[in-house]
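Me: Hi! I've just opened this one and would like to talk it through with you. Could you take a look?

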Amino acid sequence: MNLFRLFNKKTFPHGIHPEEYKAETNKKPTRRLPFAPEIIVLLAQNIGKPAKAIVFKGQKVTRGEIIAEADGFMSVPIHAPVTGTVKAIDIVNSARGGKENAIIISTSPSSGQVISDANSPQNYLKLPREELIQAVKNTGIVGLGGAAFPTHVKMSIPKDRKIHTILVNGCECEPFLTTDHRVMLEKVEQLMLGIRIAMKCVDAPKTIIGIENNKLDVLEAITPHLPKDGSITAVAIKTKYPQGAEKMLAYSLLGIEIPSGGLPSEAGLAIFNVATLAEIGALLPKGQGLIERIITITGDDLKKTGNYLAPLGTPIRAILDYAGITGDEVELILGGPMMGTPVRSLDVPITKGTGGLLVLDKRATKQADILPCIKCTQCLQACPIRLNPSELGQLAAKRRYDVMEEDYHLNDCFECGACSYVCPSNIPLVQYFRIAKTLNRERHLQDG
Amino acid sequence: MAKSPLKIDLRTSPYIRKAPSVPQIMRNVVYALLPLAAYAVYQFGLSALVLMSTTILACVGTEALFNKLSDKKSTVTDFSAIVTGLLLGMTLPAGFPLWMGAVAGFTAIAMGKTLFGGLGFNVFNPALVGRAFIQAAFPVSITTWTPALATDRFIEFIPSTLALPFMKPLPTAEWSTQVAIDGFTGATPLALMKFQGIFTDSYDLFLGTVAGSTGETSSLLILICGAYLAARKMLDWRIPAAVLFGAAVTSELFYFMDPSHYPSPSFMLFSGGLMFAAVFMASDMVASPVTPLGIFVFGCLVGFLTIIIRLFGGLTEAVMYAILFANAATPLIESYTQPRIYGERSKTEKKS
């Protein structure tokens, strides 16, 4: 693949070029979404352990105060998104389909929704590394790009590993979504601050911001803010899906491959999403917590589309009411059309990892009849990990899930969906792989 | 909220797709073959047209028949049977008896495709299975070539075309000498090379003004049509490239050893059915490997075998058997050429 790099700088081999649909929202400045009368705060908003509720029914809470605390290392606290009264601590529907614990807050209509100033501002730059990471944890921040992996865990690099570069992911390669685009335009200073904090936390000398070249206005806006010493640089990379995947970004920017099954730190890298770092830069100095995030509301059948600052816990129903939905049969997706999660109930709330609410009707591709694989190799030429989806798909049809894992690297698939996107036989390849992975996990649990 | 309750469709990502469908791909292959078919009709006249129509009808008819027998949803509309029929017709000599063409079409679909489970499961290129069958069954007819550009080709059939089923076709040698514009020998460039040691000029081969099977005479036209498909990403250019590479390297090796005895690589590349087979036959997606290295190995194997059989085998045309052999080797090739994935650890690393 070195030959590839010789001729194709700043991108990765394979991948696809889906229609972007970003022009509908990327020029719209972020506006505040009205507070919903009822806010549903899920306790499990991150990968790892859910937070533990520390409020009781009937308690009055102020916007910004901690309502659930971190339960161990792989967990972060949750702050009240609104001022109001705790209506219940109950089990509610989650986006993933199951039931989850949540704190339900009735928004106080008369409150000015001023953020609690219980936490005092900190002189963060004086803090030693461990305490700075603890301060990051206290903001309740997780990866805002969608994975919702606790950021402080990412920053706690094992002692035997040295981070040489931080990569900041400003690709936003999913079609339709424009939140990171707006963050990079509107929160440049906070982003730079966040980058400096992250550099201190992981002890990295260098940072590269990778931005897809469909967002050159961002590059222009960021460049004046970059330090003169060259420790932070911003680089345009090719617009291609899935450029924003960690593994692809590492290859596009530096030609480094993150070892299979390993963390970026194994290759000397730490990778953060732009929105995550911008929030750290905004919250940490003030000692505040994460209570809202920017989401893109976009798609078909909507009267209002755009980028909105939404309180975490706002139910989908409230957003749809506000945006004015006109269709009567649609697909609702949290996130982008390639990797987003389907919404199973209108009472599902926005969480920390939600980058957008996408409504698809006309522009969704309906599943057509599945035909046999004709071995056209389109999926092999699309897979960014260079797997063999054709063979994997045929094995999945035969339910040879063990062979898929052992001989065909099933677990290296990060489910970007490029294979399903290009298949002329309409084979739902990535969907098969998800099933295979789930069943393999269950099997391994049974085997102990 | 909307007046009527909002219905939500549930399914998992990705929600958007963009790919040509299988029928679209097959239809484009037909489009790409049409100029070649037209040129064949121009060269060989009425007989070529009727022959190609016969093989197509036989293929489509057989497909429909087996769909009906097996109670499966009809796959006639996916154009794949038409592709097979057209490809088959183009590899036959223009004066090939029609009833034998129908047998070939039936065999191609029945034994080459349906037997394995239909499109996507065929181990071999169906058109070549059909051709291999009749090569064994009617060895004389399939090596009887008639002159191109015969004088009355648009108004009369080549005498052998209309042979009755199970009857021996009329001899065409005498007819050929009557209608040929210049001294026609009936021998293809490959036969001339093999049996008489005469090498045809590569330029004539390139343009296609030589004797040969219906659709395979003009390398230039084949390359243009192939380029159209490759540009539309419906043909994997790597396969023809690898086949031609394999053939060129192998023949260059022999040419280098003894130029007076062995033909030059350019003769080998442009003669016989190699170009047509490389572009349209070897590249049959279903029967060729999917892995990048596998595609290269497969192509080189086809090219290598073609040259070896041409030089040392008893047959004049070899590419058909070379492809069938490589088709059979495809699963083996694939199992040894799985791609190295992103960030793959070496074996020693895995154990630790």
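Me: Thanks! Into which domains is chain B divided?
Reply: Happy to help. One thing up front: this is a predicted model. Chain B is divided into domain 1, covering 21–144 + 146–186, and domain 2, covering 192–337.

Me: How many Å apart do the C-alpha centres of those two lie?
Reply: The C-alpha centres of domain 1 and domain 2 of chain B lie 20 Å apart. Across the boundary, 35 residues of domain 1 of chain B are in contact with 26 residues of domain 2 of chain B.

Me: Which elements give two or more residues to the domain 1 side there?
Reply: On the side of domain 1 of chain B that touches domain 2 of chain B, those elements are α1, α2 (46–69), α3 (80–90) and α5 (126–137) of chain B. Of these, α1(B) gives the most, with 12 residues. By class, that side of domain 1 of chain B divides into 26 nonpolar, 8 polar and 1 charged.

Me: Nice. And what does the secondary structure of chain B come to?
Reply: Chain B has 15 helices and 1 strand. Of its 352 residues, 52% are buried. If you take contacts in chain B between residues at least 6 apart in sequence, 74% of them join residues at least 24 apart.

Me: Let's pick a helix. What span should α10 of chain B have, and how far apart are its end C-alpha atoms?
Reply: Helix α10(B) runs over residues 238–257, which is 20 residues, so at 1.5 Å a residue it should span 28 Å. Its end C-alpha atoms are 29 Å apart, which agrees.

Me: Which residues in α10(B) are buried?
Reply: The buried ones are B:Ile239, B:Pro240, B:Ala242, B:Val243, B:Leu244, B:Gly246, B:Ala247, B:Thr250 and B:Ser251. They pack against α9 (219–231), α11 (265–270), α12 (274–281) and α13 (292–312) of chain B.

Me: Switching topic: which residues have the most contacts inside the largest nonpolar core?
Reply: Those are A:Val41 and B:Ile323, in a core of 235 residues. The largest share of this core comes from α1(B), with 12 residues.

Me: What does B:Ile323 touch?
Reply: Leaving out residues up to four places away in sequence, B:Ile323 touches B:Asn125, B:Leu128, B:Ala277, B:Met281, B:Ala282 and B:Val302.

Me: And A:Val41, which way does that point from β2 of chain A?
Reply: A:Val41 points one way from β2(A) together with A:Ile39, while A:Glu38, A:Ile40 and A:Leu42 point the other way. The strand covers residues 38–42, and 5 of its 5 residues are buried. It is joined by 5 bridges to strand β8 (residues 99–107) of chain A, and the two run antiparallel. Within that pairing, A:Ile39 stands opposite A:Ile105.

Me: What about β9 of chain A, how many of its residues are buried?
Reply: In β9(A), residues 165–170, 6 of its 6 residues are buried. A:Thr165, A:Leu167 and A:Asn169 point one way, whereas A:Ile166, A:Val168 and A:Gly170 point the other way.

Me: Which strands is β9(A) joined to?
Reply: One of them is strand β10 (residues 206–212) of chain A, which runs parallel to β9(A) and is joined to it by 6 bridges. There, A:Gly170 has A:Ile211 as its bridge partner. Strand β12 (residues 269–273) of chain A also pairs with β9(A) in the parallel sense, over 5 bridges, and A:Thr165 stands opposite A:Leu269.

Me: Into which domains is chain A divided?
Reply: Chain A has domain 1 (2–26 + 120–286), domain 2 (33–118 + 289–360) and domain 3 (378–447). The contact between domain 1 and domain 2 of chain A takes 28 residues from domain 1 and 33 residues from domain 2. The centres of these two, taken over C-alpha atoms, are separated by 24 Å.

Me: Last one: how many residues does each chain give to the contact between A and B?
Reply: Chain B gives 36 residues and chain A gives 53 residues. On the chain B side, β1 (7–8) and α1 (22–44) each supply at least two residues. That side of chain B divides into 20 nonpolar, 8 polar and 8 charged.

Me: How do β15 of chain A and β1(B) run, parallel or antiparallel?
Reply: They run parallel, with 2 bridges joining β15(A), residues 329–334, to β1(B). A:Glu329 stands opposite B:Lys7 there.

Note on methods. Residues are numbered from 1 along each chain as its sequence is written. Chains are lettered from A and ligands numbered from 1 in the order in which they are written. This is a predicted model: local features need pLDDT of at least 70, side-chain atom pairs count only at pLDDT 80 or more; totals for chains, interfaces and linings use all residues. Two residues are in contact if their C-beta atoms, placed from the backbone, lie within 7 Å. Helices (H or I, at least four residues) and strands (E, at least two) are DSSP runs, numbered from the N terminus. Ala, Val, Leu, Ile, Met, Phe, Trp, Tyr, Cys and Pro count as nonpolar, Asp, Glu, Lys and Arg as charged, and the others, Gly among them, as polar. Two strands pair if DSSP finds at least two bridges between them. The expected span of a helix is 1.5 Å times one less than its number of residues. A residue is buried if 20 or more other C-beta atoms lie within 10 Å of its own, exposed if 12 or fewer, and partly exposed in between; C-beta atoms are placed from the backbone. A nonpolar core is a set of buried Ala, Val, Leu, Ile, Met, Phe, Trp, Tyr and Cys residues joined through C-beta atoms within 7 Å. Domain bounds come from an automatic or database domain assignment.
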